[in-house]
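Here is a short set of exercises to work through with the model open beside you. Try each task yourself before you read its solution.

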Amino acid sequence: MHGERIERHKGVDRLFHWLTAASVLTLLATGLLPVVGIRFDWVPIHWITGVVLLVLVLFHLVRSVFWQKLRCMWGIAASGRKYGKYSPAQKLMHLAMTIVILTVVATGVVMMAKVDTPFWERNPYLLSAETWGYVYVLHGAAALATVTLVMIHVYFGLIPENRMYLRAMIKGWVTREEIAVRHEWSGSK
Amino acid sequence: MEIFRYARDVYGQETLEGMSWDLLPVAIGIGLVVIVGHVIYSLVRGKRGS
């Protein structure tokens, strides 16, 4: 690949992305495979991986607020027909993922009250039966939405015209020429 | 096709249990519609450009 390389994603951010991907896929598999009839002891893997995802989400929240530019991910596109660091489609995907992942993590944390862990005994009476129903509905709806979003995200990550984004998420860099086709972005964070 | 799952508690009252898993194929189907739609869009755009 010719041209000057500019850093798009630091190593810690790439590691965060792939750990989050692995966590989400593990959670989807452990949560949904039993639904389609594949029986195994899924609950411990599911809640432990859920705690991992919670830690990753908290890490990302802190890092994005204090170490990165929040405005990269918010607001409208840059001037003319070119975008800033992220295109509107990328920002929309991030927003959708934010909503569903925060929903599934928050409801999952509440549902931890119903699991015996080394740190506490389960308490199914923490909430009323009616309220538990709403928690399960939100958790399930967010999980279903995650299935759709993951399919779309993986597809757009693999198509040839987006290859530079996939390479950037693996190796960390894009060339100045290829990013300049669609983005007005100099390589800052 | 149901949207929600219900159960009866010990008192015989209907309680909300969660989302219906009948919606899992719907979630997958929506993803496939977006993907196939983009494939078709790309093919049409490619033909117009050539």
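**Exercise 1. Task:** Find what joins the side chains of Arg167(A) and Glu178(A), and say where each residue lies.

**Solution.** Step 1: The two side chains meet in a salt bridge, with 2.6 Å from N to O; a salt bridge here is a side-chain nitrogen of Lys or Arg within 4 Å of a carboxyl oxygen of Asp or Glu.
Step 2: Arg167(A) sits in helix α5 of chain A and Glu178(A) in helix α6 of chain A, eleven residues apart, so the pair links distant parts of the chain. Helices (H or I, at least four residues) and strands (E, at least two) are DSSP runs, numbered from the N terminus.
Step 3: Both Arg167(A) and Glu178(A) are buried, where buried means under 20% relative accessible area, exposed over 50%, and partly exposed in between (1.4 Å probe, protein chains only).

A word on the ground rules: this is a predicted model, in which local features need pLDDT of at least 70 and side-chain atom pairs count only at pLDDT 80 or more, while totals for chains, interfaces and linings use all residues. Residues are numbered from 1 along each chain as its sequence is written, chains are lettered from A and ligands numbered from 1 in the order in which they are written, and side-chain values use heavy atoms, with hydrogens and water left out.

**Exercise 2. Task:** Describe the surroundings of helix α5 (residues 163-171) of chain A.

**Solution.** Step 1: List the buried residues of the helix: Met164(A), Tyr165(A), Arg167(A), Ala168(A) and Met169(A).
Step 2: See what they pack against: α1 (11-32), α3 (88-111), β2 (173-175) and α6 (176-180) of chain A.
Step 3: Look just after α5(A), where Gly172(A) takes a positive phi of about 100°.

**Exercise 3. Task:** How many salt bridges are there over all chains, and what can be said of the ones formed by Glu4(A) and Asp13(A)?

**Solution.** Step 1: The count over all chains comes to four salt bridges.
Step 2: Glu4(A) pairs with Arg176(A), and their closest N and O atoms are 2.8 Å apart. This pair links distant parts of the chain, 172 residues apart: Glu4(A) is in the segment before β1 (5-7) of chain A, and Arg176(A) is in helix α6 of chain A.
Step 3: Glu4(A) counts as partly exposed because its relative accessibility is 46%. Arg176(A) is also partly exposed, at 32%.
Step 4: Asp13(A) and Arg63(A) meet in a salt bridge at 2.5 Å, N to O. Asp13(A) belongs to helix α1 of chain A and Arg63(A) to helix α2 of chain A, 50 residues apart. Asp13(A) and Arg63(A) are both buried.

**Exercise 4. Task:** Is His46(A) buried or exposed, and which residues does it touch?

**Solution.** Step 1: Place His46(A) in helix α2 (residues 42-66) of chain A.
Step 2: His46(A) counts as buried because its relative accessibility is 18%.
Step 3: Leaving out residues up to four places away in sequence, His46(A) touches Leu27(A), Thr30(A), Gly31(A) and His139(A); contact means heavy atoms within 4.5 Å.

**Exercise 5. Task:** Characterise the interface of chain A and chain B.

**Solution.** Step 1: 19 residues of chain A are in contact with 21 residues of chain B.
Step 2: The two chains bury about 1,600 Å² between them, 84% of it on carbon and sulfur atoms. Buried area is the accessible area (1.4 Å probe) that two parts lose on being put together, summed over both.
Step 3: Leu144(A), Met151(A) and Tyr155(A) supply 33% of the area that chain A buries against chain B, more than any other three residues.
Step 4: Helix α4 (residues 129-158) of chain A gives the largest share of the side of chain A that touches chain B, 14 residues.
Step 5: Between chain A and chain B there are zero salt bridges.

**Exercise 6. Task:** Which way do strands β1 (residues 4-8) and β2 (residues 14-19) of chain B run, and how many bridges join them?

**Solution.** Step 1: The strands run antiparallel and are joined by five bridges; two strands pair if DSSP finds at least two bridges between them.
Step 2: Bridge partners include Ala7(B) with Thr15(B) and Phe4(B) with Met19(B).
Step 3: β1(B) and β2(B) form a hairpin with five residues between them, and Gly12(B) in the turn has a positive phi of about 85°.
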